[in-house]
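Please look over the sequence and the model below before reading on. The text then goes through a loop, a sheet and the nonpolar cores.

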Amino acid sequence: MGYHFIERTAVPAWGPQQGEPLVAAGTVAGAMDASFSNTSTLEIFRLPASDDAAGALAAAGQAEAAARFQRLAWSAHGAQALGVLAGGLENGDVTFWDPQAILDGGKDAVLHTSSAHTGAVCGLEFNPQQPGLMASGATNGEVFVWDIVSEYKSHAAGARSSRMENVTDLAWNNQVQHILVTASNSGALVVWDLRQHREIMALNSAGNAIGTARAGASAVAWNPASATQLVSASADDNSPEIQFWDLRNANAPARTLRGHQRGILSLSWCRKDAGLLLSSGKDNRTVCWDPAQGEIVGELPPAANWVYDVQWSQANPNLLSGASFDGRVSLYALAREAPASDDASRRVVDDPFAPQSTAAFAPAL
């Protein structure tokens, strides 16, 4: 089912290019391999056009990083041929790289580095409508917006929100380009209007009054087809839920998706198909949901450890990735066409979302 994999404990980012699929991977923070090395590397991998070469991929280029990665993002914007890579690092740095320079040997690959944040950068994303803009979030509720066109200048999204502690994730609205949401370990989801430079709404993802003890929100994602709908996830093993919010009535979640057995660590909503939402977590599972119906529609093969990152490809909705603490970034294709001579029943093979014997995992709504 996994048609390629990267033997790294790393944070991945799919390239935005429509041609040859590229994947970047940066050494993840919070993990140590058998060598006990504390180095950090940013690598780029090329996916072969043919499935004949399925298996482990070798890096096509690499560059050293000053610290390990919490987040990695890739934008098509910029004067560089392959756009710009941005890394949110555990030491608070935000660094930008030229992907083409990495492929050419890594020399002069760093475009800019900033120490604007005071702690680990756990939220990072380029604006899908204005790829020259990027948002980052870190400890102490810090949220910055970066303009890579204007010499990587940054400014605060607004006054720090009293509802947030450490930013755990963030996401740009897919319909309204100046709207951003941040998730926090306090359990609050804060919606920002960047034209007004202030927060405009706060959601309580834990169901308790803001300010009381609660499980944090570990991930957040906007509905690509609706400006007012988003989902959030909880890493709490006692309540491994995905909450579906509609901001037209933000007093409580419109729907709750239950299917994971332990805390959820990552969400990815397919921008090409709003009917596909991925989640992954501490139960070593990666699940695909129909968010409108609240139903599980498929599941990837389980990993041997927590799956801490799941992503759809930016350019090709047929591709997705899952990164786990078993030292592997797995790359999947939803379906691949078999040779014309094969039996008709095998025209679509190696579908990672094929029905599985997981009746016990059916969601309880």
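**A loop, a sheet and two cores**

The backbone nitrogen of Q175 lies 2.7 Å from a polar atom of the N173 side chain, and the backbone nitrogen of V176 is 2.9 Å from a polar atom of that side chain. A polar contact here is a pair of N or O atoms within 3.5 Å, one able to donate a hydrogen and the other to accept it; residues adjacent in sequence count only if both atoms are side-chain atoms. This is a predicted model, in which local features need pLDDT of at least 70 and side-chain atom pairs pLDDT 80 or more, while totals for chains, interfaces and linings use all residues. Residues are numbered from 1 along each chain as its sequence is written, and side-chain values use heavy atoms, without hydrogens and water.

N173 sits in the loop between β15 (167-172) and β16 (179-184); strands are DSSP E runs of at least two residues, numbered from the N terminus. N173 is buried, at 1% relative accessible area (buried is under 20%, with a 1.4 Å probe and protein chains only). Beyond neighbours within four places in sequence, N173 contacts P128, Q129, I179, W222 and A227, contact meaning heavy atoms within 4.5 Å.

An open sheet of 4 strands runs β7-β8-β9-β10 with antiparallel pairing, where pairing requires at least two DSSP bridges. Its edge strands are β7 (69-75) and β10 (110-114). Strands β8 (84-89) and β9 (94-97) share 4 bridges, and G87 has T95 in β9 as its bridge partner.

The largest nonpolar core (buried Ala, Val, Leu, Ile, Met, Phe, Trp, Tyr and Cys joined through side-chain atoms within 4.5 Å) has 38 residues, with L85 and W97 making the most contacts inside it. Apart from it lies another core of 14 residues, including V84 and F96.

How values were computed. Buried < 20%, exposed > 50% of the residue type's maximum accessible area, 1.4 Å probe, protein only.
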